[in-house]
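Here's a quick briefing to read with the structure open beside you. It goes topic by topic, so feel free to jump around.

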Amino acid sequence: FGEQFAHVIGYVGRINETELKAIDTAAYRATTHIGKIGVEKAREEILRGKVGYQQVEVNAQGRVLRVVTDSPPTPGHDVYLTLDVGLQKMATQALTDNNGAIVALDPATGEVLAFVSQPSFDPNLFVNGISKDRYNTLRNSRDRPLFNRALQAQYPPGSTIKPMVALAGLESGVRHSNDHTWCPGWYSLERHNHRYRDWLKSGHGQVNLVRSIAESCDVYYYALARDLGIARIHSMLSEFGLGKVTGIDLPGETAGLLPSAEWKRKARNLPWYPGETLITGIGQGFMLTSPLQLAYAVSTIANRGRRMVPHVVGQIEDPVARVASAIGIYERPVIEITNAQYWDDVINGMLEVVHGTRGTARRSGDGAFYRYAGKTGTAQLFGIAQDTVVKNHETPKLLRDHALFIAFAPEKNPEIAVAIIVENGGSGSDTAAPIARQILDYYLLSSRSASDNDG
């Protein structure tokens, strides 16, 4: 499939000098190639097989007199992936010519259904040695096609974390679902003149928890973040896997950054300021996440706290015995929430994002044959002066906000959770949410219809 799966499957290439120093050379006597990235690297040992050998007795002239021991070679095992080829292709096409990433998981098992990083590259170019000119073109490209955005890129998550912050408010007792916050379009700390602005300049008026998620009210989360404090925010977001690797069976995963007062003191030798707590509450500031982490987080919401470790390898088969063994499903301890209603409150807010009359992604949810939960996000890339209005469509594309969307579907017994990041896409509601709808429609409707017809 060439570029379609380059970042996740990876490729094999000739063993280089650095690798030669690290490997058991005896194990590679029958081959000149080794897995470089992706599954090819992660499962190198079982894919490679084992070299056969004979121990012989020879005479002074080197003539073999007898075979003392004989160990036949064993072929490598076959590895079957969890990826859905049709969904992968469809997700890639949905990104069109935008740079970005899409990760789709099965919430019940942690199986990776789609793993897209765009732009990509043809991995076949590397197998027998890529030309210097071609390699330099790929390496020096401003779009960085060799970079695995789904696994390694780090983006501000923006408002996609608001459901998790809302859950922290409920669990800590700082907020009840029907508590209201007044949003005039801005928020200020006591005895400070600086105004932290809401995305809606005119404000949202009185906002409760469900509406705060549906309309992505920043002021609600500025006030909630202040009342929670950075320690409780950090604690809850950490439960959802932010700031740490998910443990996926692929090499090179980044942990992102989940800031705290302790982190800032150690990393920068500086104190933590109240204003930094406010912007952390809306997923800005120091916080960085990968698309894979966001997919894992929304999958955990879909599971109401069950945390399934993502994996791309589904089965490993012995090619001689023709016996396949399934990869174990790994589950971390469930996030303990004292009242199950809190999950309902947060998920209801995410349902309103898509199906509510004022939801930020209501246009993308129009006409859906199933109910799904989502959350838009917009990651600001540079600071904006007070009382300044910047319109994305009037800004050079490289300076536009990143567009994000997380979702799971259907509402009951979720079968797919997805995270989408469109670099410089502007608005999560306008750019990323429609892509999610295409992916969910394909997985829940189109692919099954085709499968039924084939049957």
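A quick word on labels before we start: helices (H or I, at least four residues) and strands (E, at least two) are DSSP runs, numbered from the N terminus. With that in hand, L105 can be placed in strand 6, which covers residues 100–105. Keep in mind that this is a predicted model. Mean pLDDT for the protein chain is 92, and 94% of its residues reach 70 or more.

**Where to be careful**

- Over residues 382–386, pLDDT stays under 50.
- For that stretch the model has seven contacts beyond four places in sequence.
- Where pLDDT is low, the predicted coordinates should not be read in detail.

**L105 and its surroundings**

- Is L105 buried or exposed? It counts as buried, because its relative accessibility is 0% and the cut-off for buried is under 20%.
- Leaving aside neighbours within four places in sequence, L105 is in contact with a list of residues that includes G110, E111, V112 and L113.
- Also among the contacts of L105 are A295, Y296 and S299, along with P310, E415, I416 and A417.
- L105 and A419 sit 314 residues apart in sequence, yet their C-alpha atoms are 9.0 Å apart in space.

**Helix 8 against helix 15**

- Helix 8 (residues 162–172) packs with helix 15 (residues 340–355) at an angle of about 150°, and their axes are 10 Å apart.
- That angle is why helix 8 is roughly antiparallel to helix 15; the label applies to angles over 145 degrees.
- The crossing of these two helices, 8 and 15, is right-handed.
- Which residues meet here? Helix 8 brings P163, A166, L167, L170 and E171, while helix 15 brings Y342, W343, D345, V346 and M350.
- Sorted by class, the contact of helix 8 with helix 15 has eight nonpolar and two charged residues, with no polar ones.

**Helix 8 against helix 10**

- The axes of helix 8 and helix 10 come within 10 Å and cross at roughly 45°.
- Helix 8 and helix 10 are therefore oblique to each other.
- The crossing of helix 8 and helix 10 is left-handed.
- On the helix 8 side, the contact is made by K162, V165, A166, A168, G169 and S172. Helix 10 answers with D218, Y221, L224 and L228.
- By class, the contact of helix 8 with helix 10 has six nonpolar, two polar and two charged residues.
- A166 turns up in both places: it is listed in the contact with helix 15 and in the contact with helix 10.

**Helix 11 and what covers it**

- In helix 11 (residues 230–239), the buried residues are I230, I233, M236, L237 and S238.
- Which elements cover those buried residues of helix 11? The cover includes helix 8, helix 10 (218–228), helix 12 (261–268) and helix 13 (274–280).
- Just after helix 11 comes G241, with a positive phi of about 95°.

**T92, Q118 and a cis proline**

- T92 lies in helix 5 (residues 85–94).
- With a relative accessible area of 19%, T92 is buried, because the cut-off is under 20%.
- Outside its neighbours within four places in sequence, T92 is in contact with Q4, V116 and Q118.
- Q118 is joined to P119 by a cis peptide bond, with omega about 5°.
- P119 is found in the loop between strand 7 (112–118) and helix 6 (132–140).

**Another cis peptide bond**

- A409 and P410 are joined by a cis peptide bond too, here with omega about -15°.
- Look for P410 in the loop between strand 17 (402–409) and strand 18 (416–422).

**Positive phi outside glycine**

- R144 is not a glycine, although its phi is positive at about 50°.
- R144 has its place in the loop between helix 6 and helix 7 (149–152), and it is partly exposed, with a relative accessible area of 46%.
- R304 is another residue other than glycine with a positive phi, near 55°.
- You'll find R304 in the loop between helix 14 (291–302) and strand 12 (307–308).
- R304 counts as partly exposed at 36% relative accessibility.

How values were computed
Residues are numbered from 1 along each chain as its sequence is written. This is a predicted model: local features need pLDDT of at least 70, side-chain atom pairs count only at pLDDT 80 or more; totals for chains, interfaces and linings use all residues. Side-chain values use heavy atoms; hydrogens and water are left out. Axes are lines fitted to C-alpha atoms, for helices over the stretch in contact, and angles run from 0 to 180 degrees between N-to-C directions. Angles under 35 degrees count as roughly parallel, over 145 as roughly antiparallel, 65 to 115 as roughly perpendicular and the rest as oblique. A crossing is left-handed if the near helix is turned anticlockwise from the far one by less than a right angle, and right-handed if clockwise. Contact means heavy atoms within 4.5 Å. Ala, Val, Leu, Ile, Met, Phe, Trp, Tyr, Cys and Pro count as nonpolar, Asp, Glu, Lys and Arg as charged, and the others, Gly among them, as polar. pLDDT is the predictor's confidence in each residue, from 0 to 100. Buried means under 20% relative accessible area, exposed over 50%, partly exposed in between (1.4 Å probe, protein chains only).
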